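Student: Could you take me through this protein with questions and answers, explaining each term as we meet it?

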Amino acid sequence: DISSSTTEMSDYLWSVLVKMYQNRYGADAQPSAERPIHIAAWYLTHAHSDHFSAFAKLLKTHGTDGSIVMDYMIGNFPDTYSIFSNMDWSDPDDYIAGIQNAMPGGFTFLKVHTGQKIYLANLELEVLATYEDHLPYRIINTNDTNTVIRITVNNKDALPGTVAPTILILGDSWRYTSRIL
């Protein structure tokens, strides 16, 4: 059942965020509109319900009362007509706009493309692949909608010659994305 697993994942995400919040503000602290959980950017790997829908539910549940604020959502999702008809997917622009409108202050959606770099604080996010790289082949599974990003953590205080740590986030990449990479 997608809706119950979405709720479970949303609840789990919320509990992790609250725990991080309490580590910062004290064990009894609770997020509120006066002191919300602040997310600088959330990167959604692809349009699969266990990734996309759980986060959307989290924001619709806890973002509407102001207990979560977010600056950016990062991703690249195909329009409804690019996806095989039997998939659980609605128009992404409507979906994202619905989440933005539900949150006081909204957020900026960054639709990224292969080769693009984004800089957030000391992080460099480099987009290595998106669903667009599959085209003109038909997308037959939501795992084919992956946006693969490499994150490099830059530390200005690192010793000379130190290699910056990197993180490669593959989401649920399948063979087509692997071939692109």
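**Pocket, surface and salt bridges**

Tutor: The lining of the largest pocket is made up of 11 nonpolar residues, with no polar and no charged ones; here Ala, Val, Leu, Ile, Met, Phe, Trp, Tyr, Cys and Pro count as nonpolar, Asp, Glu, Lys and Arg as charged, and the others, Gly among them, as polar. Please keep in mind that this is a predicted model, in which local features need pLDDT of at least 70, side-chain atom pairs count only at pLDDT 80 or more, and totals for chains, interfaces and linings use all residues. Residues are numbered from 1 along each chain as its sequence is written, and side-chain values use heavy atoms, with hydrogens and water left out.

Student: Which element gives the most to the lining of the largest pocket?

Tutor: A pocket is found on a 1 Å grid over the protein atoms alone, as an open set of points where a 1.4 Å probe fits, with protein on both sides within 12 Å along at least five of seven lines, and its lining residues have an atom within 4 Å of a point. The lining includes A40, A41, W42 and Y43, along with L123 and L125. Two elements, β1 (37-43) and β5 (123-129), give two or more residues each, strands being DSSP runs of E with at least two residues and helices runs of H or I with at least four, numbered from the N terminus. The element that gives the most, with 4 residues, is β1.

Student: What is the volume of the largest pocket?

Tutor: Grid points are joined across faces, edges and corners, and the volume is the space filled by probe spheres set on the points. For the largest pocket this comes to about 180 Å³.

Student: Is A121, which also lines the pocket, buried or exposed?

Tutor: A121 is found in the loop between β4 (117-120) and β5, and its phi is near 50°, a positive value in a residue other than glycine. Buried means under 20% relative accessible area, exposed over 50%, and partly exposed in between, with a 1.4 Å probe and protein chains only. Because its relative accessibility is 85%, A121 counts as exposed.

Student: How many salt bridges does a search of the whole structure find?

Tutor: A salt bridge is a side-chain nitrogen of Lys or Arg within 4 Å of a carboxyl oxygen of Asp or Glu. K117 forms one with E124, their closest N and O atoms being 3.9 Å apart, while E126 and R150 meet in another at 2.6 Å, N to O. The search of the whole structure gives a total of 2.

Student: Why does the pair of E126 and R150 tie together parts that are apart in sequence, and how many residues lie in that separation?

Tutor: E126 is buried at 17% relative accessibility, whereas R150 is partly exposed at 31%. Because E126 lies in strand β5 and R150 in strand β6 (residues 148-153), the pair ties together parts whose separation in sequence is 24 residues.

Student: Which residue of helix α1 (residues 2-25) is exposed, with a relative accessible area of 54%?

Tutor: M9, Y12, V16 and M20 form a nonpolar patch on the surface, with about 390 Å² of accessible area together. One of these residues has its place in helix α1, and with a relative accessible area of 54% the exposed residue is M20.

Conventions:
Patch = residues over 30% accessible without salt bridge, like charges linked within 9 Å, V, L, I, M, F, W, Y side chains within 5 Å. Areas by Shrake-Rupley, 256 points an atom, 1.4 Å probe, with all protein chains shown as cover.
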